[in-house]
Structure formats: structure tokens, C-alpha cells
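The following exercises concern the structure shown below. Each task is followed by a solution that proceeds step by step.

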Amino acid sequence: MTENQPQQPQNQPGQNAQGPQAPERTQQLPMYGQHQQQHAPQGGQPRLDSGPQGQRPGQYPSGGSTYPQFGAPGMHQGTSPGPNWPIGPQPATATAVKPKRRGGLAAVALTALLVGAASGVGGAAVYSATNDHTTNTPSVTSPLNGSQAAPVSAPDGSVQSAAAKVLPSVVKIAVATPQGEATGSGIVISKDGLIVTNNHVVSGAGQGAKLSVMLNDGRTVSATIKGTDPLTDLAVIHADATDLTPATLGQSGKLAVGQGVVAIGSPFGLEATVTSGIVSALNRPVTSGDEQQDSTTVFPAIQTDAAINPGNSGGALIDLAGQVVGINSAIKTAGGSGQSEGGNIGLGFAIPIDQAKPIIDELVAKGKATHARLGVTVGDAQSSDGLTSGARLGEVTSGGAADKAGLQSGDIVTAVDGKAIASGDALVAAVRSHRPGDQVTLTVTRNGKPQSVKATLGSDNGNPTG
């Protein structure tokens, strides 16, 4: 079979389905203002490395802009996993969606939401003005009586305290092109203007486009792209300012399920919006992408029920100490067509900051990033009852990390460093959570017998498509 042909799942008698569920198919958070919804393609098997071997069958190489701006989806690195959050035909159940690159939720959803966002306040004012004379209900525009109590000081560990620490460091990003405008979010990482965001937020800022940043203090400044990495849906831009407040980056590896978190960004263009929730799951293999670019990304996401909508792409997910633990990138939608596709349903996904940090550092220093590579194609393994129960290895690249470790085509990987692997995408996400040169221990079933294999991950040398 050729390198890009998907492998067909095979049943493994006697193998029980176990470990995490199959990767979520999500949509990148569309940039606000974009009226097009992207879905992650279904089918096809990702490779655990970048480049031809890292591509999913039938997809273009994962270089270039894969993630739409605000409202576009996006996800993790390793072999090229799928775009973030676009999807093909959706089942009746909820479907994950990544924030989209160019800035729109679902086409229909975005249109309705945009109209609501643009006219909501005005609509309320008009209603009040035209109905005051016919009702005894006080007008919502009546002046306040001035007797309200002053806000109480926020206790440490509260949502209010955490938000106050990070709000000055979260910005609204706007991209204006001949085709229209869209907005997303970003996180300030240096006083002199460096800002991290999703690749899909700025990937449309090509020739003739204007990139600008609205700061928390109300100023709007121009910006340029410093570096982009479509494979991980990350980008760094440089704003024309020297007095910014950088956010404090935390450690996503210390998060626990059930822990309180806060999302900050510009959903539907509404800058400095704060929502709160909990960590719903960790290391969730999320596949998202850009249907227009025919590319996908896979990453081990932080799942949260904090409200995340188009425009939140590139914004901060923080813990209650006010430290950034993730970069919001994708959402899961209800599927089908209509307004329900674009709104929050309590399933949002963020790129873990521990995974993002080394990519950000490379983008700042070189404008591009390197990624871990295992050197195999992968597909889903299935047990006799038809349930997914591991990652089946396909073609093994000669001289690659898998080949050197003695892995063979047909091997089924059921765990990486003791963490269960339930599908091909889960293995891709696990590899992408590492860096080139890292050693991993794979639990492998070969001919019905389990064994442990150590592998030292290779590198794509900054060339994920070659």
C-alpha cells in the first residue's frame, strides 16, 4: 500500500476495548466575523511524524495555514493529526469543533450570532425608547440611583481575582482582508509586543491584509507575524507597542480534572470577556482542521466546560491563581446545519501550555518550529466486539524512530508511558505532546503477546511536510 493510503481497522480477537475514548472531532474556533464553518475531515489515518509520513491519507501536507482565525478550529502535534476542529458528516451526537482560522463560527450560526452581537445592545435601546410610554416597567436605560455598594475586594483563588490578573494581558486580534474582516484573541508574552495566538487566527493575514491588535486599555496598534506553526495551530505576532503587560505562564501538567479554570478572550468580537468552568478532561485526543485547506491537526487537549465560542481562539485558559495553562483553540458542536453549530455546548478544548511553550520559543527565535516524529503510519485497532482498542501501526519508515526501536507493521500500541492509547489519533496526540529526542516507553501487542518497547523520538527538523 502507498504511504498515504488509510489502513482498514482490523478486529483483534481476545482484545478488550480499554483506555480513553477515541479522539474528539472538533471545529477550530472561527474568527468572529467569518461566516463559514469548518469541519474536521473524517477518515484517513495520521502518521506519527511530520511530512509525508505525518500526513493523513488524502490530505495535503500540514504546512501552510490550517487554522481559521477566530472561529476556526485547531489542535496538537506529533504526526500530523487533524485539524482542529473541522469535521465531515456528523453523527447525531455532538461533534467537536475547533475555532476557525478566519473568524467565524458556523456559517449560519455565525451569521445569526454576528447579527445578534452587532445589534443586541442597539436593539435593547430601541425597545426601551419605543415602549417606555406604553408600560409601567422601568426602562433598562433609566439612570442608576447611585446607592449601589462598591465592589468588594476579590479573595485570592476566586474567578474575579484570577481574571483581574490576566485581563490586561489578553488582546483582541483583527485581520482585515479584501474579502472581509475577522477577529480572534491573543495572549501577551512580552512587554515589547510579542503575542501568542492560534495559527488559524492569523493565517489569512497574507499580502494585502492588515493585522491589528486592540489592547486591554482600548488602544489599537498594528502588528506583524513573527512566526507560525500550522501543525500545532500556534503563532506568534509582534504588536507595535513597548509597554504591554505579559501574562504569567503556568504548568498544564499540574492540572486536575474538576479544577476550576477561566477562559478570557473576544467571543463574537466581544473583547475582554470572562467565562468560568472546570477542567472536564485531560489529554483528550482532539482532531480538528480547516476544510478549505484540507489539513488537520491532532493534540492532547485540555477539555473544559467554560464557555468558549468563535473569537475565543488564541485566548487564555487560566487557573484560579491567574496563570495561563492553555490556549483556547477549538470547540465541539452539535452537528448538522443551523445556529446550533456555532454556539457553546460546554465542550471546549485548549492547547496545553506545557506543549505550547517550546513551540512558542522556537517561533520567537526562528519563525518556525520542530516536532517529534515516530516514523510510522497509524490506524485504529479494534477488538472482536468492534470497539476501538489501540493504535495499529502501518508502514514503518526505514531508519526512523519506530524502525530503530524494532516496531513492526501490524503492531498494536495500547499505551505510551503507562497511559492508555485507544486509537490512532490518541497515539498521534501522545507523540506530539513530546519533543524531539524524548524517550518513550510503548506497550505493544504483537501476535497476541504484550511487550514493552523503548523508542527515542526523531525530529522533522522544522519541515513538517518533508
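**Exercise 1. Determine which charged groups of E362 and R435 meet, and where the two residues lie.**

Solution. In this predicted model, the side chains of E362 and R435 form a salt bridge with an N to O distance of 3.2 Å. The pair connects distant parts of the chain: E362 belongs to helix α4, whereas R435 is in the loop between α6 (424-432) and β23 (439-446), 73 residues apart. As to exposure, both E362 and R435 are buried. The search of the whole structure returns 5 salt bridges, one of which is this pair.

**Exercise 2. Establish how D217, R219 and D243 are linked.**

Solution. Step one takes the pair R219 and D217, whose side chains meet in a salt bridge at 2.8 Å, N to O. Step two takes D243, which forms a salt bridge with R219, the closest N and O atoms being 3.1 Å apart. D243 lies in the loop between β11 and β12 and R219 in the loop between β9 (210-214) and β10, so this pair ties together parts that are 24 residues apart in sequence. Step three combines the pairs: D217, R219 and D243 are linked in a network of salt bridges.

Step four assigns exposure. An exposed residue has over 50% relative accessible area and a buried residue under 20%, with partly exposed in between.

| Residue | Relative accessible area | Class |
|---|---|---|
| D217 | 52% | exposed |
| R219 | 33% | partly exposed |
| D243 | 43% | partly exposed |

**Exercise 3. Describe the closed barrel and the helix that lies across β8, β10 and β11.**

Solution. The order of the barrel is β6-β7-β8-β11-β10-β9; these 6 strands close with antiparallel pairing. From one strand to the next, the twist averages 40°. In general, strands of a sheet pair through backbone hydrogen bonds, in either a parallel or an antiparallel manner.

One pairing can be examined in detail. Strand β8 (residues 194-197) and strand β11 (residues 234-239) run antiparallel and are joined by 4 bridges. Within this pairing, L194 stands opposite H238 in β11.

The helix is then placed. Helix α4 (residues 353-366) lies across β8, β10 (220-229) and β11, and runs at about 45° to β11. Helix α4 is also the element that holds E362 of Exercise 1.

**Exercise 4. What surrounds T275, and is this residue buried or exposed?**

Solution. T275 is located in strand β13 (residues 273-290). Its relative accessibility is 18%, so T275 counts as buried, the limit being under 20%. Leaving aside residues up to four places away in sequence, T275 touches V261, V262, A263, A306 and A307. With A307 there is also a polar contact: the side chain of T275 reaches the backbone oxygen of A307 at 2.8 Å.

**Exercise 5. Characterise the position of N328 and the backbone atom that its side chain reaches.**

Solution. N328 is part of strand β16 (residues 324-333). Its relative accessible area is 0%, and N328 is therefore buried. The side chain of N328 reaches the backbone oxygen of A316 at 3.2 Å.

**Exercise 6. Analyse the phi angles of A272 and D417, and state where each residue is found.**

Solution. The background is that most residues other than glycine have a negative phi. A272 has a phi near 55°, a positive value in a residue other than glycine. D417 likewise has a positive phi, of about 55°, although it is not a glycine.

The locations follow. A272 is in the loop between β12 (260-265) and β13, and D417 is in the loop between β21 (412-416) and β22 (419-420). A272, at 41% relative accessibility, counts as partly exposed. D417, at 38%, also counts as partly exposed.

**Exercise 7. Summarise the protein chain as a whole: its elements, burial, contacts and surface.**

Solution. The elements are counted to begin with: the protein chain has 6 helices and 25 strands. Of its 466 residues, 54% count as buried. Among contacts with a separation of 6 or more, 76% involve residues 24 or more positions apart. The protein chain exposes about 17900 Å², and carbon and sulfur atoms supply 51% of that area.

Notes: Residues numbered from 1 in each chain as written. Predicted model: local features only at pLDDT ≥ 70, side-chain atom pairs only at ≥ 80, totals over all residues. Heavy atoms only, no water. Buried < 20%, exposed > 50% of the residue type's maximum accessible area, 1.4 Å probe, protein only. Contact = heavy atoms within 4.5 Å. Areas by Shrake-Rupley, 256 points an atom, 1.4 Å probe, with all protein chains shown as cover. Polar contact = N/O pair within 3.5 Å; in protein donor to acceptor, adjacent residues only side chain to side chain. Pairing = 2+ DSSP bridges. Axes fitted to C-alpha atoms, helices over the stretch in contact; angles between N-to-C directions. Salt bridge = Lys/Arg side-chain N within 4 Å of Asp/Glu carboxyl O.
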